[in-house]
Amino acid sequence: MDRETTVVLENLALNSDHRMLVVEAPRLSALARPGQFAELATSGATLLRKPISIAMADKEKGTLVFVFRMIGKGTEYLGSLEPSSELDIIGPLGNGFDTNCGSALLIGGGVGTPPLLYLTSRLRKEGKKVSVVLGARGKGDLLLLDEFAKLGIEPLCATDNGSFGVRGTVVTALEEKASFDAGTKLYACGPWPMLKALAAFSESKGLELEVLLEAYMGCGMGVCVGCTVPTTEGMKRVCKEGPAFDAKEILWNKIR
Ligand SMILES: Cc1cc2nc3c(=O)[nH]c(=O)nc-3n(C[C@H](O)[C@H](O)[C@H](O)COP(=O)(O)OP(=O)(O)OC[C@H]3O[C@@H](n4cnc5c(N)ncnc54)[C@H](O)[C@@H]3O)c2cc1C
Ligand code: FES
């Protein structure tokens, strides 16, 4: 973990409420692993820093990418940052994904998609076979399709309203369209109901599933114990022992 005063290079609108922020962060970009997150300062717009997943890190260019949905004061502040402005970042935080697998199927729901972009890039560099399934409410809400294409991936898409790809959820898409080998490892990030459904799906198929969890966070660094989830080994902190967990470890029936 480190702290760096980064410089905003780009702040792009992806659609009406999602933005992609690219910052120059030579130190943090060299440390970041897929599945880790960072705490972004909001210069007093909010009391606390905002935890945002690392959507991409490029240590050669010295850049970090964040993709976020503007839903409150903190993310609106981040969305308003102009190129050349400074942004104080603490990170990378959390454990990150375990990329030890043969082939991988990555499943993203809504704003859970961004961390899977960096995971895709890393797994491809490690020579793994990767496929991606993305879900969203409608076509306009599907994120990062162009960025996945640049990595040579055409995601299988599912939309709730049927405006693009399979009509239904990512589980519908998996059941109807996805093909994968028996030893494929699943990685997922998205809303809790999606992760819970995927935990049941993976168990029924005998597949390994690693989930990237989100929780309300205070400190983001393991101190306040405000982000715990029930696991088979007691309560664990999403910010410290997670955010990546083996789905079998999470007590899904005790959550929400
Ligand atoms: C490890 C981690 C990684 C994250 N990565 C991303 C990411 O890559 N992109 C992204 O858009 N968001 C991500 N989030 C969520 C993001 O941190 C929150 O959306 C953000 O803090 C909201 O701040 P705000 O001040 O804009 O809104 P607030 O005013 O704080 O909240 C606005 C609304 O969002 C809800 N909300 C706030 N935080 C969360 C949360 N953690 N989970 C669910 N609902 C929440 C509030 O209840 C409220 O309804 C991540 C959260 C965690 C814990
Ligand atoms: S947010 Fe404080 S311990 Fe996780």
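The following paragraphs describe the fold, the two sheets, the nonpolar core and some backbone details of a predicted model.

It is helpful to begin with the overall build. The secondary structure of the chain consists of 6 helices and 16 strands. With a radius of gyration of 17 Å, close to the 18 Å that the globule rule gives for 256 residues, the chain is as compact as a globular protein of that length. The C-alpha trace spans about 45 × 40 × 35 Å along its principal axes. Of the 256 residues in the chain, 46% are buried. When contacts between residues at least 6 apart in sequence are considered, 63% of them join residues at least 24 apart.

One open sheet is made of 7 strands with antiparallel pairing, and its order is β4-β3-β7-β1-β2-β6-β5. Its edges are formed by β4 (50–53) and β5 (56–58), each of which pairs on one side only. From one strand to the next, the twist averages 35 degrees. At the β5 edge, this strand pairs with β6 (residues 63–69) in the antiparallel sense over 3 bridges, and here M56 stands opposite V65 in β6. Helix α3 (residues 114–125) packs on this sheet and touches β4, β5 and β6. The direction of helix α3 makes about 40 degrees with that of β5.

The other sheet described here is also open and has 7 strands, in the order β11-β10-β9-β8-β12-β13-β16, but its pairing is mixed. Because β11 (166–167) and β16 stand at the edges with a single partner strand each, one side of each is left without a neighbour in the sheet. Further inside the order, β12 (residues 185–189) and β13 run parallel and are joined by 5 bridges. Within this pair, L186 of β12 stands opposite L209 in β13.

Attention now turns to the interior. In soluble globular proteins, nonpolar side chains tend to be buried together. The largest nonpolar core in this model has 74 residues, and those with the most contacts inside it are L64, L106, V133, A188 and V211. Three of these positions can be placed on strands already met: L64 falls within β6 (residues 63–69), A188 within β12 (residues 185–189) and V211 within β13 (208–212). The surroundings of V133 can be given in detail. Leaving aside neighbours within four places in sequence, V133 is in contact with L105, I107, P155, L156, V170, A173, L174 and A178.

Some backbone details round off the picture. Most residues other than glycine have a negative phi, and most peptide bonds are trans. Against that background, a cis peptide bond joins G91 and P92, with omega about -15 degrees. P92 belongs to strand β7 (residues 86–93). A cis peptide bond also joins G242 and P243, where omega is about 10 degrees; P243 lies in the loop between β15 (234–237) and β16 (244–246).

Positive phi values occur at two non-glycine residues described here. S43 has a phi near 50 degrees and is found in the loop between β3 (37–40) and β4. With 12 other C-beta atoms within 10 Å, S43 is exposed. V225 has a positive phi of about 60 degrees and lies in the loop between β13 (208–212) and β14 (228–231). V225 counts as exposed because 12 other C-beta atoms lie within 10 Å, and the cut-off for an exposed residue is 12 or fewer.

Terms used:
Residues are numbered from 1 along each chain as its sequence is written. Chains are lettered from A and ligands numbered from 1 in the order in which they are written. This is a predicted model: local features need pLDDT of at least 70, side-chain atom pairs count only at pLDDT 80 or more; totals for chains, interfaces and linings use all residues. A nonpolar core is a set of buried Ala, Val, Leu, Ile, Met, Phe, Trp, Tyr and Cys residues joined through C-beta atoms within 7 Å. A residue is buried if 20 or more other C-beta atoms lie within 10 Å of its own, exposed if 12 or fewer, and partly exposed in between; C-beta atoms are placed from the backbone. Two residues are in contact if their C-beta atoms, placed from the backbone, lie within 7 Å. Helices (H or I, at least four residues) and strands (E, at least two) are DSSP runs, numbered from the N terminus. The radius of gyration is taken over C-alpha atoms; the globule rule is 2.2 Å times the number of residues to the power 0.38. Two strands pair if DSSP finds at least two bridges between them. Axes are lines fitted to C-alpha atoms, for helices over the stretch in contact, and angles run from 0 to 180 degrees between N-to-C directions.
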